[in-house]
Amino acid sequence: MSIIATVVVLLIAALHVYILVLEMFLWTGPRARAAFGTSVEFAAETKALAANQGLYNGFLAAGLVWGAVASDPVGFQAKVFFLVCVAVAGAYGAATASRKILFVQTVPALIGLALVLAAR
């Protein structure tokens, strides 16, 4: 169970690295505009805001990787903290931006959290 939990945590971290890349470096490109449903004009106007948002996703990814590689009790605590952060960020995003975020971010984070807690 512990290995499965760690793999899920690392997959969620990889997802957030991907979101970082989309928001920080590809925001005005077709892939990011399609993923986030933005127009060329909106993407150009919000490029700096998206980069800031991408940086936060990078911090979430870094925290999840830290939790995955650190020994317990710090590893366990970091995984729980950052998975809860991802779940809360996803719930807020689902409430304010797109319900899709609930399934992309919150649900995987809650599954990861359940696996981390069960592996304890």
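Begin with the whole chain in view: a compact globule of 120 residues would have a radius of gyration near 14 Å, and the chain, at 15 Å, therefore agrees with that expectation. The model on display is a predicted one. Oriented along its principal axes, the C-alpha trace spans about 50 × 25 × 20 Å. If the display is coloured by accessibility, 38% of the 120 residues count as buried.

Next, switch to a cartoon representation. The chain contains six helices and zero strands, so that the order of elements from the N terminus reads α-α-α-α-α-α. For a view of contacts across the sequence, consider pairs of residues at least 6 apart: 56% of these contacts join residues at least 24 apart.

**Helix 4 against helix 5**

Select residues 47–69, which form helix 4, together with residues 74–96, which form helix 5. Their axes lie 7 Å apart and make an angle of about 150 degrees. Angles over 145 degrees count as roughly antiparallel, and the two helices are therefore roughly antiparallel to each other. Viewed across the pair, helix 4 passes helix 5 in a left-handed crossing.

Now show side chains at this contact. From helix 4, select Phe59, Leu60, Gly63, Leu64, Trp66, Gly67 and Ala68. Their counterparts on helix 5 are Val74, Gly75, Ala78, Lys79, Phe82, Leu83, Cys85 and Val86. By residue class, this contact comprises 11 nonpolar residues, three polar and one charged.

**Helix 5 against helix 6**

Keep helix 5 selected and add residues 100–119, which form helix 6. Here the packing angle is about 155 degrees, with the axes 8 Å apart. Helix 5 and helix 6 are therefore roughly antiparallel as well, and helix 5 passes helix 6 in a left-handed crossing.

To display the contact, select on helix 5 Phe76, Lys79, Val80, Leu83, Val84, Val86, Ala87, Ala89, Gly90, Ala91, Gly93 and Ala94. On helix 6, these meet Ile101, Leu102, Gln105, Thr106, Ala109, Leu110, Gly112, Leu113, Val116 and Leu117. The residues of this contact divide into 16 nonpolar, five polar and one charged.

**Residues that serve both contacts**

Finally, isolate Lys79, Leu83 and Val86 of helix 5. These residues take part in the contact with helix 4 and also in the contact with helix 6.

Methods: Residues numbered from 1 in each chain as written. Predicted model: local features only at pLDDT ≥ 70, side-chain atom pairs only at ≥ 80, totals over all residues. Heavy atoms only, no water. Axes fitted to C-alpha atoms, helices over the stretch in contact; angles between N-to-C directions. Helix = DSSP H or I, 4+ residues; strand = E, 2+ residues; numbered from the N terminus. Parallel < 35°, antiparallel > 145°, perpendicular 65-115°, else oblique. Left-handed = near helix turned anticlockwise from the far one by under 90°. Contact = heavy atoms within 4.5 Å. Nonpolar A, V, L, I, M, F, W, Y, C, P; charged D, E, K, R; others polar. Rg over C-alpha atoms; globule rule 2.2 N^0.38 Å. Buried < 20%, exposed > 50% of the residue type's maximum accessible area, 1.4 Å probe, protein only.
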